[in-house]
Structure formats: C-alpha cells, structure tokens
Amino acid sequence: MTADQHAIRTVEQLLAVLDLDTTQARTTEDIFTGSSHPMPSGRIYGGQVLAQSLLAAERTLPEDRAVHSMHGYFLRPGDASQGITIAVDRIHDGRSFSTRRSQAYQNGVPIFSMIASFQDQDPGLEHAVPMPAGIPAPETLLPDEERVDGLPEGTARMLSDRAADVRHIESPLFRPSDDAQVPQQGVWMRMRAPLPDDQRLHRAALAYLSDMTIQESILRAHGAYWALPGLKVASLDHAMWWHRPARVDEWLLYLQESPNARGGRGLAQGRIYTRDGDLVATVAQEIMIRVPS
C-alpha cells in the first residue's frame, strides 16, 4: 500500500465512524447509533464521541443552521469495543437559534453529555485576535510519527494510522523534552486526505481534532510527558466555539495555553487558525491530572 493509499484509508475509517445510523426506536428524543475506532487503551477517544454527538444533533436541524458553540462533559470512560447510542433532545427552535442536548450511552448509562447551540448565518460586528507572526510553516516540521526515536516499537505505526497529520512546533511530549517548561505550545494539523464538501462534517471533524494535544499545554508547564510513570490524565469537560468556516483537510494552526492548574485539575485553552490567519474556533478543556510525587 502506498503512502497516499494509506492516508485515504485512515480518513475513510474516520468517516465510517462518523457515519451514524438512525434507529427506528423513538422516545421523546431522536436516537442514533455508531461505532468506535479501536484504541490501544481500549477507551474511546474523547474527540470521537464529541464529534459523533455533534453530528447527531446536526442531523435534527436544517443544513443552513450551523453549530456555533457546545459545552460537554465526559462522564465515564467509553469502551471502544462496543457500540454507542446517542439520544438527541430538541430543546428549543427559535427564529434564528436552536438548542440541542446530545447524550452518548453505553450499557444504558451516559458516557458523554453535551448541549450545543446552532444559528442561521447573520451579519454583524466582526473582529478576531490575529494569528501571531513567525510561526514555522508545517512543511518545515516533521510529522509526529517521524519523531518517535527511542519509543516502543509500534508507536510510529499507531501515530501514522490516525486520520490526522499532526506536527508539533515544539518537541512532542512522547518522552522527556529539553524545551522550556512553559504552559503553551502550538501544533499544525489536518486530515491526511480530502473530506467531502459538507461543512457539517468539517465542523464535526474540527471538534474531533480539538481534543487532540490540547492537554499538553498543562503537561509542558511541569516537564511532564505522556509516558511518565504514574501519570494519570482524564478529560473532564470540553467547550468549543466555531467562528468561521474552514476545511479540516487543509492545514490549521492550533495554539494552546494553560492559564491555571490546581487541585488535581488543569485548564487548557486553544485558538485554531487557518493558514491564512483566519480565526476558526476557540476551545477550552479542563482535565484531571495527577503527577507522581
């Protein structure tokens, strides 16, 4: 299999996971079902269930009413070997805005709960924080899977098998880093192959990517890394605001920082830009983090 064929296959696998089924079961909610990526840990990747829950909500709305914000809580670890059921409650439909609640279930209990708001395209005031100057271009950076020297065999394969091409500006935190211990970092990211033109799919795929690496601004501040013995990290909640349309199969810059960590929790924030400098989305996530003393 060529590199291009492999890239297309990884994206096709993601699209299959995001292609939810509509069930015939009906309560007061719309019911959808989906599957999961296999994961080395056996747990569902949080960005996956976030994207699926968003797509389920989008399926209950006209195509021109797009998500502009979501707030979600990760309630329980998901089992990647089992299917997912997503229930969507049509909370409100107004003249310009709609609100939906999506809850993802396994074994009859919720693993993720989200409320999202949707809006028709409207004119209004506009400004955005500009993208910083002097950011290295993605072509000057190695893909993460090519920066795994000294790690267990199979790590490069695991990274290359994901649908996203991710390139850290600083050293990836797979192992100890000599970089300065500062609560910020940047990554370039895009899907490895083109996606269909449906903007709903691109918004959901952006949510999928938004959960990837944002926790590292917290780890980096304390010299921690993913393979640190005894390190425990779990996402608690996730918030996201979509500002402008963008394609996730084109390069996006994800700038991340952590304003606070205390009490076994850390807060991370992120801004996502197109390569041309348009601010696409803002993200916030709090995690549970325990570092061995």
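Visitor: Which residues does UniProt list for "domain: Acyl-CoA thioesterase-like N-terminal HotDog"?
Guide: The model shown here is predicted, while this domain comes from an unreviewed UniProt entry. In the model, that stretch of chain is 16% helix and 50% strand. The entry lists the domain at residues 38-119.

Visitor: How far apart are the end C-alpha atoms over residues 181-286?
Guide: UniProt, again in an unreviewed entry, annotates residues 181-286 as "domain: Acyl-CoA thioesterase 2 C-terminal". Over these residues the chain is 17% helix and 45% strand. The end C-alpha atoms are apart by 19 Å.

Visitor: How many residues of strand S12 are buried?
Guide: Strand S12 spans residues 279-290 and is mostly covered. Buried here means under 20% relative accessible area. Of the twelve residues in S12, the number that are buried is nine.

Visitor: Which residue in S12 is the bridge partner of His238?
Guide: Strand S9 covers residues 232-242. S9 runs antiparallel to S12, and ten bridges join the two. For His238, the bridge partner in S12 is Gln285.

Visitor: Which residue in S12 does Tyr273 stand opposite?
Guide: Strand S11, residues 265-274, also pairs with S12. That pairing is antiparallel and extends over nine bridges. Opposite Tyr273, in S12, stands Leu279.

Visitor: Which residue takes a positive phi in the hairpin of S11 and S12?
Guide: This hairpin has four residues between its strands. The positive phi is near 95°. The residue that takes it is Gly277.

How values were computed. Residues are numbered from 1 along each chain as its sequence is written. This is a predicted model: local features need pLDDT of at least 70, side-chain atom pairs count only at pLDDT 80 or more; totals for chains, interfaces and linings use all residues. Side-chain values use heavy atoms; hydrogens and water are left out. Buried means under 20% relative accessible area, exposed over 50%, partly exposed in between (1.4 Å probe, protein chains only). Two strands pair if DSSP finds at least two bridges between them. UniProt positions are given in the numbering used here, feature names are shortened, and annotations may be inferred rather than shown by experiment.
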